[in-house]
Amino acid sequence: MPEVYVVDSSNLTVGHGMLVLAAAEAAEAGKSVSEILDLVEEMIHRVDYMKKGGRCSAVTALGANLLKLHPCVEVIGGKMSVTKKYRGSMEKVVGDYVRERLAGRTDIDTHRIFLVDTCRTPGLREAAKAALEADGRFQEIIESKAGCTIFCHCGPDTLGIIFLRK
């Protein structure tokens, strides 16, 4: 179709949305279509989508629940991988997750960060947002609900942060 451009973000909902926002800002700034496409293509490898959640069997889920294990799943190169397992209550894990994902990072574009979730437990999203605000680096924190696919695969109380690397 004329004037329709397909871009594979190699990411999930909000990671893709981050590229859409950047494209819209570039269009508002008067950039040409080719400049916008170049910008978006360059940004794809810099989107960091990290989320707490994960798919597993009923037996694995039972064991994880008994041990209070919570996997950290990261999208790396367009593929989802468990990179760490947190242990403890969700209230504690959420703060640890956000702080660890950001600790010592000097490669983060601090213009905007997304907080995406399927939280139903009171206080979880608020704890994550408080940790982001306490970090103090981000000009804008955008909160978003994860879509039905993430919810179906990861379930309730899934939470993630999405940002661009410099």
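Student: Which residues make the nonpolar surface patch of about 410 Å²?

Tutor: In this predicted model, the nonpolar surface patch is made by M1, V4 and V6. To place one of them along the chain, look at V4, which is found in the segment before α1, the helix that covers residues 13-28.

Student: Which residues form the negative surface patch?

Tutor: In reading charge, Asp and Glu count as negative. Here the negative surface patch is formed by D8, E35, D38 and E41, and D38 is found in helix α2, which spans residues 33-43.

Student: Is D38 buried or exposed?

Tutor: A residue counts as exposed when its relative accessible area is over 50%. D38 has a relative accessibility of 55%, and therefore D38 counts as exposed.

Student: How many helices and strands does the protein chain have, and what pattern do they follow?

Tutor: The secondary structure comes to six helices and six strands, and when you read along the sequence of the protein chain you meet them in the pattern α-α-β-α-β-β-α-β-α-β-α-β.

Student: What share of the residues is buried, and what area does the protein chain expose?

Tutor: Of the 166 residues in the protein chain, 38% are buried. The protein chain exposes about 9,200 Å², and carbon and sulfur atoms supply 57% of that area.

Student: How much of the contacts with a separation of 6 or more comes from residues 24 or more positions apart?

Tutor: A contact here means heavy atoms within 4.5 Å. Among the contacts in the protein chain with a separation of 6 or more, 72% are accounted for by residues 24 or more positions apart.

Methods: Residues are numbered from 1 along each chain as its sequence is written. This is a predicted model: local features need pLDDT of at least 70, side-chain atom pairs count only at pLDDT 80 or more; totals for chains, interfaces and linings use all residues. Side-chain values use heavy atoms; hydrogens and water are left out. Patches are made of residues with over 30% relative accessible area and no salt bridge: like charges are joined within 9 Å, nonpolar side chains (Val, Leu, Ile, Met, Phe, Trp, Tyr) within 5 Å. Accessible areas come from the Shrake-Rupley method with a 1.4 Å probe; for residues, only the protein chains shown count as cover. A salt bridge is a side-chain nitrogen of Lys or Arg within 4 Å of a carboxyl oxygen of Asp or Glu. Helices (H or I, at least four residues) and strands (E, at least two) are DSSP runs, numbered from the N terminus. Buried means under 20% relative accessible area, exposed over 50%, partly exposed in between (1.4 Å probe, protein chains only). The place of a charge is taken as NZ of Lys, CZ of Arg, CG of Asp or CD of Glu.
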